[in-house]
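Colleague: I would like to learn how to read a few features of a model. Please take them one at a time.
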Amino acid sequence: MKIFSEIPNEVPSTKLLDRINYPEDLKELSPPDLKILADELREFLLYSVGKSGGHLGAGLGVVELTIVLHYLYDSPSDNIVWDVGHQAYPHKILTGRKNQISSIRSKDGLAPFPSRNESDFDAFGAGHSSTSISSAVGMAIANKLNEGEKKTVAIIGDGAMTAGMAFEAMQHAGGIKPDMLIILNDNDMSISENVGGLNNYFSRIWASKLYKGIKSNGKKFLKNIPVAHHLARTVETHMKTMVAPGAIFEELGLNYIGPIDGHDIDQLLNVVGNLKNFEGPQFLHIITKKGAGYDLAEEDRIKYHAISKTNTSKNIGKTKPKYQDIFSNWVVDMAREDSDLVAITPAMREGSGLVEFSKEFPERYFDVAIAEQHAVTLSAGLACEKKKPVVAIYSTFLQRAYDQLIHDVALQNLNVTFAIDRAGLVGEDGPTHSGNYDLVYLRCIPNMIVMTPSDENETRKLLTTGFFHNGPASIRYPRGSGPNVVVENDLSPVEIGKGRLIKEGSKNLIVINFGALLDQAEEVADTLGLTLIDMRFVKPLDEDILRKYLSEAQAFVSIEDGSVAGGAGSAVQEFCSDNNINVKSKLFGIPDIFIEHQSREEMIEESGLKASRIIKEIEELELEE
Ligand SMILES: Cc1ncc(C[n+]2csc(CCOP(=O)(O)OP(=O)(O)O)c2C)c(N)n1
């Protein structure tokens, strides 16, 4: 494997890759050519991610695997399912999208993850982790029912393998034995270091020389004779329970093979080529290096999980703190004050702003791996024993733990604070990662306090408020930076259910803001001379302020960075209806469609949430003078 030491600025010369547009072109190459192609593909990937920004380390790690899969399988007829899909850039390049790859993640460009709308080669859309085995089992079952000839492969990382969903799928597959191949791409990393018992287990397999010896000498698994193979396996399984950790998958009913070097094209061709024709669920464990072939990415696997575009002025002089920095400072400050504070992340230490906390309070920091459901119920258990858990979680990933929110936390009125990050429109990561639904799904849960800070200082205050509240509380804030207001150092709460009047203007039409689009709301209020309230709380609503201003008004408009259907504005409508307050209303929020990947600004614009658009729509409201 060629090791590159920089991201090329110019389009690299890639003689072989130039000839490859679709997998069928690949099949013309000889195995030695595939190795040259791997170097070219890697260089081209480096160049294009340098242009587009986006996920890098995972893609570099699966260059050889991607080539081999497309060489051996007949996609799109065969189904190749990539878990999460952040590693699928090489797959996109080899499946007809080479010339568009540097448009990835931008408006009208390629999607950040596999997308069935984008290409027939993307067998299953993703973005969230650990869905590949379930969907692949479904495809394999359907193929059997359809009496088809399609092959099915799921490729899942060791990080994604930590999720319960992956195990739910494997235990099902082990029972019904569909013909499929699961490839565990083990690079010992999630976004940060992979954690937990399963990860330790994989490391033991990796380290076990004894096991490797048994594999190479004792098991002729490359023989393409399924029956003989399975017989051989029965004997071996017993040995493995003593000495070989791969037995856990065997015990589930899968045929575990490996580990093998996932960068060795000859070995991959040999092993995958055989497993492809085996009956029943096959499990191949490959070892790869995240960031392989780019020295900086190999050294700092966390930093190069994803990168920004290189050489853009955007990257220079960024000094505004992000909401994640505000959370990071708050959680450390609060933990210094209260020794019962514990922080939990489902595998998002860097993204959620828990790096400093994890260093200062290692015993009070819990990365539970990609296990959102467990994260929430774990927090419930901690709260039962008087700890004060803060669950730092992306809005979109909290969707995974909805029953746990209701059944384990809220129903028992447990004291858990949810710091909900990436709330609202998220930008380049697209609809899989947009946190559009939390206000809707949280405000209907009894006992839950729901807060929408509108700037950095408010975020700190409302985090404190949620933490001091003895019961479940959620504080949601967006990705990136805010208006850059001064953040006070103190840790004092605000009164629960009290909004704040930002400015008083005409009392005929009231602008009601929920959260991070306050700048747009202010522009609307200033331009039209209207009264503006920043509600702070979606639940409980500040009924006094609403009664005071809405009883005399003709109409209100609400603005929120969340789904308009059932969201915060709807809560105000419900309040008016319950209290016989007869006002017209116009709710501004995210419409009932998935907003495709583009910058957050562009998403806001497409959702009709820019001040200019809101002003126009207000002017079209037929209000009496
Ligand atoms: C449900 C869910 N939680 C969290 C994430 C964020 N996330 C994206 S990739 C990733 C790490 C995946 O690790 P692994 O599967 O080992 O792939 P690698 O990046 O190491 O190749 C995480 C935590 C996600 N996409 N989905």
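Modeller: Start with a single residue: Ser-48 counts as buried because its relative accessibility is 1%, where buried means under 20% relative accessible area, exposed over 50% and partly exposed in between (1.4 Å probe, protein chains only). This is a predicted model, in which local features need pLDDT of at least 70, side-chain atom pairs count only at pLDDT 80 or more, and totals for chains, interfaces and linings use all residues. Residues are numbered from 1 along each chain as its sequence is written, and side-chain values use heavy atoms, with hydrogens and water left out.

Colleague: What does Ser-48 touch, not counting residues up to four places away in sequence?

Modeller: Contact means heavy atoms within 4.5 Å. By that rule Ser-48 touches Ile-101 and Ser-102. Ser-48 itself sits in helix α2; helices (H or I, at least four residues) and strands (E, at least two) are DSSP runs, numbered from the N terminus.

Colleague: Which helix gives the most to the largest nonpolar core?

Modeller: A nonpolar core is a set of buried Ala, Val, Leu, Ile, Met, Phe, Trp, Tyr and Cys residues joined through side-chain atoms within 4.5 Å. The largest one here has 55 residues, and Leu-26, Leu-65 and Ile-67 are among those with the most contacts inside it. Helix α2 (residues 31–52) is the main contributor, with nine residues. A second, separate core has 49 residues, including Met-448 and Ile-533.

Colleague: What is Leu-65 in contact with, leaving aside its neighbours within four places in sequence?

Modeller: Its partners are Trp-82, Ile-155, Ile-183, Gly-262, Leu-268 and Ile-286.

Colleague: Where are the cis peptide bonds to look at?

Modeller: One joins Ser-75 and Pro-76, with omega about 10°; Pro-76 lies in the loop between α4 (63–72) and β2 (79–82). Another runs from Gly-258 to Pro-259, with omega near 0°, and Pro-259 belongs to strand β5 (residues 255–261).

Colleague: Is Arg-536 buried or exposed?

Modeller: Arg-536 is buried, because its relative accessibility is 10%. Its phi is positive, about 60°, although it is not a glycine. Arg-536 is found in the loop between β16 (530–534) and β17 (537–539). Arg-422 also has a positive phi, near 55°, and is buried with a relative accessible area of 14%. Arg-422 is located in the loop between β11 (417–421) and α20 (438–443).

Colleague: How many helices and strands does the chain have?

Modeller: The chain has 26 helices and 19 strands.
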